Amino acid sequence: MLHSITLIPGDGIGPEVSLAAKRCIEATGVKIDWEEAEAGQCAHEKYGELLPKRTLDSIRKNKVALKGPIITPIGEGFRSVNVAIRHALDLYACVRPAKFYQGVKSYYRDIDLVVIRENSEDLYAGIEFQEGLPKTLQLISEISKLQDKKIRQDSGISIKPISKFASERIVRFAFEYALHNKRKKVTIVHKANIMKFTDGLFLKAGREVAKEYSNKVLFEEAIVDNMAMQLVQKPKNFDVLVLPNLYGDILSDLCAGLVGGLGIAPGANIGNGIAVFEAVHGSAPKYAGKNKVNPTAMILSGVLMLRYLKEEAAADGLESAVKSVIAKGESVTYDLKPSPDDPTSVGTQQMADAVIHELICSK
Ligand code: NAD
């Protein structure tokens with residue numbers, strides 16, 4: 001079957017890691033018609049806008065995209081192009097697996113957990129009031145009328161909306177993910193003891209949804225600060241974590257750190273019948289154009305994409321090839337060598353070549 005996929009190379013190291021991932025995905029033999037589209041700084045230079053309509057239209061049409069990291073220039077109207085894409089397409093579930101691969105530098109081994117982050121609300125909803133503006137002062141005055149609470153006049157304010165609808169939707173997604181991926185446990189992470197009407201609602205909705213799966217998947221609850229400690233002390237105790245947006249963002253980086261860092265952490269943003277796959281890392285501008293960074297996170301994002309496309313055999317083959325290259329430790333980038341200045345480290349495209357070689361040899 002031929003799949004039409006939008007490819008957004010992105011900024012900084014984006015084009016290099018996207019090219020590496022594209023080459024590896026093509027080497028699986030899966031037939032893909034790539035439609036290139038721009039977003040971020042490169043789109044701004046070409047079209048004068050950070051997120052052109054044609055890019056969103058391309059993703060809407062193809063329903064699947066592979067995206068490199070994007071720079072959001074400071075002071076250009078958008079809080080983040082990435083957040084804007086997620087909101088425009090209602091990609092409400094962010095899926096970030098954290099899996100240990102033999103050969104990666106890490107304090108831990110045998111970790112295999114998945115962070116599922118709510119992507120549409122919370123402090124990332126973008127409802128913010130700048131310190132000193134008349135509307136901010138008006139809001140402060142209204143709040144003091146509604147609640148017996150003082151907010152200092154020189155405050156900036158960010159609003160944290162969390163709805164029953166989005167909470168139920170993401171927890172249901174987490175349970176369905178657990179069922180389909182033969183996972184045993186879902187842990188809901190919150191701070192409901194303090195934020196009773198936002199995190200409290202998230203937890204209450206989660207408990208209700210969990211009842212529907214009570215004889216199929218285990219369910220447990222954890223407070224986010226305690227969760228951060230438990231992840232560092234005994235990460236193997238966890239399987240699928242489901243969290244509101246901000247905690248999900250923070251703990252997914254923590255989990256990436258548990259298994260070797262950003263160079264190998266893949267991700268997916270999923271909505272109803274539409275998905276954008278991207279590495280957890282950003283555009284690392286200082287390495288742009290140097291053929292230096294690790295393409296693994298982007299290649300593994302491609303593996304997630306192949307699974308989403310139901311190309312399981314190709315996904316398994318590509319993941320095994322990556323695993324094997326990392327385990328051998330020869331044709332790997334600087335970050336996977338014992339020391340970052342190891343003279344035997346290879347470039348981004350050379351690591352992709354090694355993955356392709358493994359893939360072809362295993363066929
Ligand atoms: P970053 O992830 O780009 O880089 C931080 C550091 O992580 C790098 O200096 C490098 O040491 C390491 N690193 C990142 N990717 C790596 C790779 N593939 N291989 C090896 N090492 C790697 O984070 P940042 O510097 O905070 O952000 C830079 C830009 O990226 C900002 O403009 C930010 O907004 C953007 N960003 C975009 C996304 C996205 O598009 N999804 C995500 C995060 C940050």
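**View 1. Polar contacts to the ligand (N or O pairs within 3.5 Å).** In this predicted model, an N or O atom in the Y334 side chain sits 3.3 Å from a nitrogen atom of the ligand. For N82, a polar side-chain atom is 2.9 Å from a ligand oxygen atom. G282 uses its backbone instead: an N or O atom there lies 2.7 Å from an oxygen atom of the ligand. On its own the ligand exposes 810 Å², and the protein buries 66% of that (Shrake-Rupley, 1.4 Å probe).

**View 2. The shell around the ligand (a heavy atom within 4 Å).** There are 20 residues here, with I70, N82, G282, A284 and N294 coming nearest. By type, the shell has 10 nonpolar, six polar and four charged residues (Gly counts as polar, Tyr and Cys as nonpolar).

**View 3. Helix α1 against helix α12.** The axes of α1 (residues 14–27) and α12 (residues 348–362) come within 9 Å and cross at roughly 10 degrees, which makes the pair roughly parallel (under 35 degrees). Among the contacts (heavy atoms within 4.5 Å), α1 brings residues including L19 and R23, while α12 offers others including D353 and I356.

Numbering starts from 1 along each chain's sequence, and side-chain values use heavy atoms, without hydrogens or water. Local features need pLDDT of at least 70 and side-chain atom pairs 80 or more, while totals for chains, interfaces and linings use all residues.

Note on methods
Axes fitted to C-alpha atoms, helices over the stretch in contact; angles between N-to-C directions. Helix = DSSP H or I, 4+ residues; strand = E, 2+ residues; numbered from the N terminus. Parallel < 35°, antiparallel > 145°, perpendicular 65-115°, else oblique. Polar contact = N/O pair within 3.5 Å; in protein donor to acceptor, adjacent residues only side chain to side chain.
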